[in-house]
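Me: Got a model with a ligand to go through. Can we start with the contacts and then move to the pockets?

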Amino acid sequence: MKNGTIWQDICGNDIQAHGGCIIKHGDTYYWYGENKGADNCPGRNRVDVIGVYCYSSKDLVNWKYEGLVFESNKDDPASYIHTSKVMERPKVIYNEKNKNFVLWMHIDSADYTYAGVGIAVSESPTGPFVLKRVTVPNRQDSRDMTIYKDVDGTAYLVHSKDWNKTLNIARLNEDYDDLDGFYVSVMADQEREAPALFFHEGMYYMITSGCTGWNPNAALYARCPQLLGKWKLIDNPCVGENSRMTFFGQSSYIFEVDGRFYLMLDHWIPHNLKKSGYSILPIEIDEKNDITVNWQDEWNGI
Ligand code: GAL
């Protein structure tokens, strides 16, 4: 699979799973993301909301289409999930206690002023996910976001707030279907978005992008020995040609396979979002806890 381009599923159709995540359940990987498989609205850098697509794979290369697992509402313009609104960065997390799959996503008005999250639940990884609530987390605006499950099983919503100036790490309840009211603010006034986190040998890492909409910018990583501690900004993890532009991509998620970590990027095409590409790049971690991401022309699995 050629990094930076749109990829196809095993039937030869474009994979529509932008701003997404890859999780493993049993021996299967599931990739969830935004279905942007329609033409841009005329003259605009948006596609009306279709919903969340899911694909499955055993090898992270051959992806089988599993369906539209969460659908937008086509009939009620007042609905938070109406096609005219915004539904971005879907992230799915498995709840061991209830044996549920919980989908969190950025839900917004078309002009991005609502700034909330939606939470939907399914008993199966391939849906259908049923909407539980739409909320503004802890009464703080929330745009780009991810979900992070800590080593102790506690899960957190990590979201940009204060018009993307600062990030919040907000704890979820035991069912993972709501906030529990506790949060910390980190990287104050750094204007970061597109957060993606991982934990390795006693250290938490977070890669973020700058705030330039669909256009690429330089990534930055931060690290901290405690998830809720004082995160330290370190550097751009990307190295080599086009590293100042994150190889023309933007972070969406980091997944782990056999102790190695892989960064998923979206390569947005603002005027033709349905053709936006993907990359998966391995993250190198050295003995000083510094991380680097190199460009690779191809993703061929692990
Ligand atoms: C980006 C964000 C995307 C989308 C886009 C809209 O900054 O990461 O998820 O919201 O802006 O312009």
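Reply: First, a term: a polar contact is a pair of N or O atoms within 3.5 Å; within protein, one must be able to donate a hydrogen and the other to accept it, and residues adjacent in sequence count only if both atoms are side-chain atoms. This is a predicted model, where local features need pLDDT of at least 70, side-chain atom pairs count only at pLDDT 80 or more, and totals for chains, interfaces and linings use all residues. Residues are numbered from 1 along each chain as its sequence is written, and side-chain values use heavy atoms, with hydrogens and water left out.

Me: OK. How far is the polar backbone atom of Gly 213 from an oxygen atom of the ligand?

Reply: 3.2 Å separates the two.

Me: And the polar side-chain atom of Glu 88, how far is that from a ligand oxygen atom?

Reply: 2.6 Å. Asp 144 also places a polar side-chain atom 2.6 Å from an oxygen atom of the ligand.

Me: How much of the ligand's accessible area does the protein cover?

Reply: 88% of the 310 Å² that the ligand has on its own. Areas are by Shrake-Rupley with a 1.4 Å probe; for residues, only the protein chains shown count as cover.

Me: Which residues are around the ligand?

Reply: Glu 88, Arg 89, Tyr 112, Asp 144, Glu 193, Gly 213, Trp 214 and Gln 250. Each has a heavy atom within 4 Å of the ligand.

Me: How does that shell divide by class?

Reply: Two nonpolar, two polar and four charged. Ala, Val, Leu, Ile, Met, Phe, Trp, Tyr, Cys and Pro count as nonpolar, Asp, Glu, Lys and Arg as charged, and the others, Gly among them, as polar.

Me: Switching to pockets. Which one holds the ligand?

Reply: The second largest pocket. A pocket is an open set of points on a 1 Å grid over the protein atoms alone, where a 1.4 Å probe fits, with protein on both sides within 12 Å along at least five of seven lines; lining residues have an atom within 4 Å of a point. To sit there, a molecule needs more than half of its atoms within 2 Å of the grid points.

Me: What lies nearest its centre?

Reply: Val 86, Glu 88, Tyr 112, Asp 144 and Trp 214, out of 30 lining residues. The lining divides into eleven nonpolar, eight polar and eleven charged.

Me: And the largest pocket, how is its lining split by class?

Reply: 19 nonpolar, two polar and six charged.
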